[in-house]
There are 2 protein chains.
Amino acid sequence: MKEAVFALICENPIRIAKVQEALAAMNIVDVGDIFEDMSMEHILQIFRLLPKDVAANVFAHIVPEKQQVLVEALTDKEVGHIIEGLFMDDAVDFIEEMPANVVNRVLRNATPERRNVINRLLNYPEDSVGSIMTTEYMALREDYTVMEAFARMREERVRGIHTCYIVRRDKILLGAVSLKSLLLAKEHVRVGDLVRTQVISAQTHDDQEEAAGLFRKYDFLSLPVVDKENRLVGIITVDDMVEIVEEEATEDFELMAGIIPSEEPYLRTGVFKHSRGRIGWLMVLMLAAILTEMILGDYENNSVLLLFPVLGWFIPLLMGAGGNAGSQAATLVIRSMALDEIRFKDIFKVWWLEIRIALICGLILGTIMTIGITLFTATDFMVTLTVASTLVLVSLLAKSLGSLLPILGKRAGIDPAVFATPMLTTLKDAITILVYFSLARLILGV
Amino acid sequence: MKEAVFALICENPIRIAKVQEALAAMNIVDVGDIFEDMSMEHILQIFRLLPKDVAANVFAHIVPEKQQVLVEALTDKEVGHIIEGLFMDDAVDFIEEMPANVVNRVLRNATPERRNVINRLLNYPEDSVGSIMTTEYMALREDYTVMEAFARMREERVRGIHTCYIVRRDKILLGAVSLKSLLLAKEHVRVGDLVRTQVISAQTHDDQEEAAGLFRKYDFLSLPVVDKENRLVGIITVDDMVEIVEEEATEDFELMAGIIPSEEPYLRTGVFKHSRGRIGWLMVLMLAAILTEMILGDYENNSVLLLFPVLGWFIPLLMGAGGNAGSQAATLVIRSMALDEIRFKDIFKVWWLEIRIALICGLILGTIMTIGITLFTATDFMVTLTVASTLVLVSLLAKSLGSLLPILGKRAGIDPAVFATPMLTTLKDAITILVYFSLARLILGV
């Protein structure tokens, strides 16, 4: 399909009717897609063949770099059409990506009302509900009849009409009515009387993650957004929510791997930006490793090592086991918190669970090591015992830290993903060494 | 709100009208929620106060353990009402969680048609599009008029009517029409004539991740599902998609931390199941550590270490740096593949990007180490050079493996998350040691 249209255009750009017909049968997202490998000249040609309302929608689906070049190539009047035709949230997304000169030109060509709304939306804090909402929604005054409601729906240009929001004259949100119940109701019923259940809404300054939680819990298609006075000011639609859910997960993946999160797609991020995002934690972790070495090399530990050089052999193995045990716990707890399955009040439940898991896993690993060392080497049994008990104790400590750090971090307002995982990596080696040599001194009686 | 209803019930279970009123004003998800901390006796009491259609919907929102107890306590007739009242996908989810005796009782009380549909849905492979679709959708024959369409909509009990699917008499899917365009159209227009663009659909046997990709790309509210003959057999709704997107991300988090994925929530999984999910990779990684130690302890490397004992000091640091550099690359590539941002064809682009990042990060770390060692210690410069070059080379190797393994794994049909991350952890130490001692022999001329 895409290929066919593309071929049609390259082959003979004059057969306009054919191209228009092919474009009309395509999903707008796919129209945006064919622009990807096309010369700017061709893009412009095709873009001008699209009906005005379709053009704005296609525009919303092309990558920012092409949006910019396109805007620069279009006339003021055409730019005006686009900015008027975009849904409000798409308009804001677009403007946020553009350099100042493009933004100025775009806003100059927007109507004053639209300019005001855009400016208001741009002013909401990043990642707030207000910054992702759209102002196109179906609001019905409570005293409308069902008939009047349908008349309004035919007029308005809104993102989705599957849910209509019922408001008072002063815009205070009263409830939500599904299109289905409007269809089922008698023509002269007041829409206000169709409201059944308490409406659930978000406030403009709430964090987008809270809104995501509401979508997750209630399976909404859209969520009304109100200001501090409970006046309806916008809605968030579920398709934006899918994106946010994915963004938040990506951010956690990055933080847990010790990378500064970036919203740009991987392949569209430059080498230096990538390197900048990664070098920080690499340096911190290298420093941590040096500290660990210094603990290892301090006078007391060193003297234990000199007496029992075989102890040194097990150090990387113990460090590895501690790291893995800890990151398993941290990963599960961080993810469960992101999905609202674990709250602060569960902290002791989580800890108790992890302690038992740590005991089971630690004892299994310790037993395997004991059998292995005894069978295949001639190591002193007391050394074997030291290694095995370190495995159990480090497993306990690592899983405790792995589960508690994210919960405490979140409580303290620090992102649990960063508070837990890179911090765990930083600490676990030092902790392992401390435990190992303390046990060694105790068991070997040095 | 929840607390108020709860108090009302505990306080005086006789004031039925008040309780019913309070329940009617609550979102069904919240009704399911109040059941969580309630005795079975109270749950049963309240459940029976709910109108039939609401009861089934509330039932879909309570946890499987409570569903089971509830079904066991209800009469056959009540069970019949629930299974008839559930949306088809919720019915299937419920049945999948129940033990055989409950399943039998439930199916015995369903109508034969419903039983057939449930059995068909249960037969689709796990994680296939068929297994998550629902069979309640709004299908309109192409020769209906708009007026007839609205009449059908008033009759049918469907999940969502925001998108209506247009089919031929033989159920072949022709297109989709939004409710909005139906509202805007004249009453006597054929709905088939309202279809504008090519319809995008999934097949029953497609993987659910492919469907997730379509939702991501096209911002659908629902996606039609067809069989091999292109007949419409169901739809997937976006709220189910949000769940799937989160499940897939959770699975990747777990695999990357070396945990066998489980679909059960963290706190509802038992200690033994948790331990079973974690012990496997812990053992593999312990074995890998032993292998690394053996490489380290082999005759040749050992003789280098005896000549330059200071080399040993840097081993954990180098292993750590390799692990972190590799997991950064692996995490980003795995996540970008999950979001369809990277395909197999991008393999060289990705590699080239990672090589340059590795060089930059490796050189920075190497330089810092060189300066640090030279300033603060009296280490032989050739040893410093060995450490610094190992940092660069290990960084290159780790980032190459971290980026290539997931892409190759996916190509070979192995989950990139498991193929890359635990495997990387297993390999990186051995590789680091090999590189370190090869360079040592070369630079120090041993």
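1. Let's start with a small detail in chain B of this predicted model: strand β4(B) is joined by two bridges to strand β5 of chain B, residues 222-226, and the two run parallel. Within this pairing, B:Ala202 is the residue that stands opposite B:Val225 in β5(B).

2. Stepping back, that pair belongs to an open sheet of three strands in chain B, with the order β4-β5-β6 and mixed pairing. At its edges sit β4 (202-203) and β6 (232-237) of chain B, each of which pairs on one side only.

3. Now to the two chains together. Chain B superposes on chain A through a rotation of 180 degrees, with 0.0 Å of shift along the axis and an RMSD of 0.2 Å. This is the relation of a two-fold axis.

4. The contact itself deserves a good look: 98 residues of chain B touch 98 residues of chain A. Since 100% of the interface residues of chain B are also interface residues in chain A, the copies meet through the same surface.

5. As for area, chains B and A bury about 8,900 Å² between them, and carbon and sulfur atoms account for 70% of it.

6. Polar links are worth a check too. Between chain B and chain A there are eight salt bridges, including one in which the side chains of A:Asp30 and B:Lys217 meet at 3.4 Å, N to O. The count of residue pairs in polar contact between the chains, with both residues at pLDDT 80 or more, is 26. On the side of chain B that touches chain A, the residues divide into 58 nonpolar, 16 polar and 24 charged.

Methods. Residues are numbered from 1 along each chain as its sequence is written. Chains are lettered from A and ligands numbered from 1 in the order in which they are written. Side-chain values use heavy atoms; hydrogens and water are left out. Contact means heavy atoms within 4.5 Å. Buried area is the accessible area (1.4 Å probe) that two parts lose on being put together, summed over both. A salt bridge is a side-chain nitrogen of Lys or Arg within 4 Å of a carboxyl oxygen of Asp or Glu. A polar contact is a pair of N or O atoms within 3.5 Å; within protein, one must be able to donate a hydrogen and the other to accept it, and residues adjacent in sequence count only if both atoms are side-chain atoms. Ala, Val, Leu, Ile, Met, Phe, Trp, Tyr, Cys and Pro count as nonpolar, Asp, Glu, Lys and Arg as charged, and the others, Gly among them, as polar. Copies are superposed by least squares on the C-alpha atoms of residues with pLDDT of at least 70 in both. Two strands pair if DSSP finds at least two bridges between them. Helices (H or I, at least four residues) and strands (E, at least two) are DSSP runs, numbered from the N terminus.
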